[in-house]
Amino acid sequence: MPTRLLFSGVFFLQALVLYFALTQQFPISGDDYSYLYQAKLFAAGKLYAEDPLYDRTSPLHGCVETNCIKDFHGRRFSQYQPGWPVIMAIGAALGVPWVVNPLLGALLVFLMLLYVERQMGEELVAQTGLLLTLCFFFAYYAASSRAHIAMALFVFAAFLAYDAADRRRAHAQMWLLFVAGALLGYSSIIRYTDWIPLGAWIGFSLLRRKNFAGLTLFAVGFTLLAAGNLIYDALLSGNPFQIPMTINSTSGMNGLWIGLKVTGLRLAYLFGIFPPVLLLALFGTRYRPSSKVKMYLALFLMSVGIYFFYPKLPGGPGPRYLLTYFPFLILAVVELYRWIDKGTRIESYLWRVSIVCLLVGNLIFATVEGYTMYGRRDLERTEKQLGTGKKIFLLTNGTYQTNRRDLTRNPPDLSTAENLYFLWCAEPERDALLNRFPNREIFVYEYPSHLYPYVRDGKM
């Protein structure tokens, strides 16, 4: 117990250090801002913000567009699913939304170490904790406002429920299968597809054993929670099959080559932040993995396969699209360590080299992200030089690796905001927009670090 709590506590502190020191409490990306925006709405008892500016037919709408936010007939809401913002809304209601993800990350670490202790051996707990805490990529997302850690927690908890069902009597087994289905069902309202590998694995296993009663309860538990997607979509747009992300959007199919290229980049990210996984390939001809290790690897590779069909972006920083099943990859590497620990001196040496590479790779990851976040926060630092008072900032460009629509991060209630951020748009619309918010100082922002007082005739 002390070892599990120790590593969980270290992970929690790592996430807080990254949040306060590395990102300086700045939402890492438009995704983070979008989730926070929806969490604040939920905490206030609302599904969406309302304002005439959020009607896409309004001539002023081009001045207020924001990445990862959808505007629909005067309503503004996150383009993402409600599962994660609902959880984060608890922290938002208490004024500490930033603490939710680190707590969930610490809980995930605790559950992983508990599983290792009970199913793999107490002697492997410390090695597992070392892998988790040296992988800053994992803590980085626990320090963010994105949904990946919550998704990994729900999927792993569903795995634990299913694993426990195998060792229980019939009545308890049925209950645990229902719980596993419900956990995966809730995970489907956090992210649409990440539940599929584990859901397919459990469904096939139950079907193979002809456990039709268990399969039915698993499916019922999943469906009851997953139906929340349809209800939420209907409340937003009136159409239960119109997901928020596709509102006012078009998407096309990508070719096989693009899928291969993007998947290759994701795997390259993975090898960079978690080098010990390369030992699985290096010792592939000598190491004979157990059936459980094969299951861990199959689940992880299935998640890679699922995202092969979503090659829009490689993801990042790090292989974030693969984070949901990252705990299973760690478990596979821990089992490999058990074999290495009993092997030759060369194998032990290569393991130590991989741990050094893990530390170095993640220090590079943290350094690069620290530099990137410093550049992205240029607007935030620059505006603080002006002191207090209500202001409007017109953005002519973005900051480092951040476009300007990623910086129009206004709160749901525009009228009470201390600072407002709008896009530099055509003069008639620009002045009409500014007239809606009188008695504010107005500045034009240009990257890097330039602010100019705005003059109504358009001159600066």
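Hi everyone, let's start with one residue: Ile340 sits in helix H15, which covers residues 326-341. Helices here are DSSP runs of H or I with at least four residues, strands are DSSP runs of E with at least two, and both are numbered from the N terminus. Before going on, a word on the source: this is a predicted model, where local features need pLDDT of at least 70, side-chain atom pairs count only at pLDDT 80 or more, and totals for chains, interfaces and linings use all residues. Residues are numbered from 1 along each chain as its sequence is written, and side-chain values use heavy atoms, with hydrogens and water left out.

Back to our residue. Is Ile340 buried or exposed? Ile340 is buried, because its relative accessible area is 1%. Buried means under 20% relative accessible area, exposed means over 50%, and partly exposed lies in between, with a 1.4 Å probe and protein chains only. Which residues does Ile340 touch, leaving aside its neighbours within four places in sequence? The contacts are Leu279, Phe283, Glu347, Ser348 and Trp351, where contact means heavy atoms within 4.5 Å. Gln24, on the other hand, is 316 residues from Ile340 along the chain, and their C-alpha atoms are separated by 40 Å.

Now please find Val353, in helix H16, residues 345-376. Val353 counts as partly exposed because its relative accessible area is 31%. Between Val353 and Val179 there are 41 Å from C-alpha to C-alpha, and 174 residues in sequence.

Next stop, helix H3, residues 83-93. Eight of the eleven residues in H3 are buried, so the helix is mostly covered. The buried ones are Gly83, Trp84, Pro85, Ile87, Met88, Ala89, Gly91 and Ala92. Just after H3 comes Gly95, with a positive phi of about 85°.

Let's turn to the sheet. Four strands make an open sheet with mixed pairing, in the order E5-E4-E6-E7. Why do E5 and E7 each have one side without a neighbour in the sheet? Strand E5 (419-423) and strand E7 (450-453) stand at the edges with a single partner strand each, so one side of each is left free of a neighbour in the sheet. From one strand to the next, the twist averages 30°; the axes behind such angles are lines fitted to C-alpha atoms, for helices over the stretch in contact, and angles run from 0 to 180 degrees between N-to-C directions.

Here is how the strands pair, which takes at least two DSSP bridges between them. Strand E4, residues 391-395, pairs with E6 in the parallel sense over five bridges, and Lys391 stands opposite Glu441 in E6. Strand E6, residues 441-446, pairs with E7 in the antiparallel sense over four bridges. Tyr445 stands opposite Leu451 in E7, while Phe443 has Pro453 in E7 as its bridge partner. The hairpin of E6 and E7 has three residues between the strands, and Ser449 there takes a positive phi near 65°. A handy general point: in a regular strand the side chains alternate between the two faces of the sheet.

Finally, the empty spaces. On a 1 Å grid over the protein atoms alone, a cavity is a set of points where a 1.4 Å probe fits but cannot get out, a pocket is an open set with protein on both sides within 12 Å along at least five of seven lines, and lining residues have an atom within 4 Å of a point. Grid points are joined across faces, edges and corners, and a volume is the space filled by probe spheres set on the points.

The second largest pocket holds about 810 Å³ of space. Its lining has 32 residues, and the closest to its centre are Gln25, Pro27, Lys40, Glu380 and Arg409. Helix H2 (30-43), helix H17 (378-384) and E5 each give two or more residues to this lining, and H2 gives the most, with five.

How many cavities of 30 Å³ or more turn up in the whole structure? The search finds two. The largest cavity has a volume of about 40 Å³, and its lining includes Thr193, Asp194 and Tyr325. Helix H14, residues 291-308, gives the largest share of that lining, three residues. The second largest cavity has a volume of about 30 Å³. Among the residues lining the second largest cavity is Met88, which we met earlier as a buried residue of H3. Thanks for listening!
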